[in-house]
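Here are some short exercises to try with the model open beside you. Have a go at each one before reading its solution.

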Amino acid sequence: MWYDSGAMMDMLVRLYDLPDIDDEVQVLKERGILIRRPGAYERHLVADWVGLHFSPKWVSETKTAFARQPISCFIATREKQMIGFACYDVTVRGFLGPMGVGEEARKSGVGRVLLVSALRGLRDMGHAYGIIGGVGPADFYARTVGAVPIEGSSPGIYVDILPEPQA
């Protein structure tokens with residue numbers, strides 16, 4: 001592993017060199033998995049799912065995606081149930097994240113398609129490069145979209161974050 005797994009570094013992605021995912025989108029569709037932007041009327045459902053599977057802070061960021069036009073989030077669904085999501089341009093302009101796939105759908109190709117879909121959203125906004133902030137699975141991002149670490153980016157923008165209340 002070429003990175004410090006304890007650090008929450010940022011990574012840089014060339015948005016003009018994203019992989020083609022059209023065939024993968026079709027394969028997922030044939031398996032009953034749809035990748036799409038949610039509607040504004042689904043904000044509470046997406047936020048609830050993110051809160052159930054991930055972090056309260058990610059709920060806040062996800063809700064911000066619904067204030068953008070077009071909505072800066074993609075979701076993956078199977079049988080009208082969410083199985084993953086990827087937001088962009090929420091905490092900081094030009095950043096990808098938060099993003100996550102439910103445990104039952106990991107290693108299915110859903111994460112790759114969500115990632116590239118969201119990065120295409122950044123590219124469509126006119127960005128040449130995107131930043132994946134505070135990454136966890138750096139190897140996934142490097143392998144999937146050629147993301148490279150940004151030296152000295154830990155902790156980056158994520159400083160003095162308020163802690164969650166103790167129960």
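**Exercise 1.** Leaving aside neighbours within four places in sequence, which residues is V116 in contact with (heavy atoms within 4.5 Å)?

Before you start, note that this is a predicted model, where local features need pLDDT of at least 70, side-chain atom pairs count only at pLDDT 80 or more, and totals for chains, interfaces and linings use all residues. Residues are numbered from 1 along each chain as its sequence is written, and side-chain values use heavy atoms, with hydrogens and water left out.

*Solution.*
- Step 1: find V116 in helix 4, residues 110-124; helices are DSSP runs of H or I with at least four residues, numbered from the N terminus.
- Step 2: with those neighbours set aside, the partners of V116 are L18, P19, I21 and V145.
- Step 3: V116 has 0% relative accessibility and so counts as buried (under 20% relative accessible area, 1.4 Å probe, protein chains only).

**Exercise 2.** Work out where D89 sits and what surrounds it.

*Solution.*
- Step 1: D89 belongs to the loop between strand 4 (81-88) and strand 5 (95-101); strands are DSSP runs of E with at least two residues.
- Step 2: D89 is buried because its relative accessibility is 1%.
- Step 3: a polar atom of the D89 side chain lies 2.8 Å from the backbone nitrogen of G94.
- Step 4: beyond neighbours within four places in sequence, the contacts of D89 include R68, S72, F95, L122 and M125.

Terms used: Buried means under 20% relative accessible area, exposed over 50%, partly exposed in between (1.4 Å probe, protein chains only). A polar contact is a pair of N or O atoms within 3.5 Å; within protein, one must be able to donate a hydrogen and the other to accept it, and residues adjacent in sequence count only if both atoms are side-chain atoms. Contact means heavy atoms within 4.5 Å.
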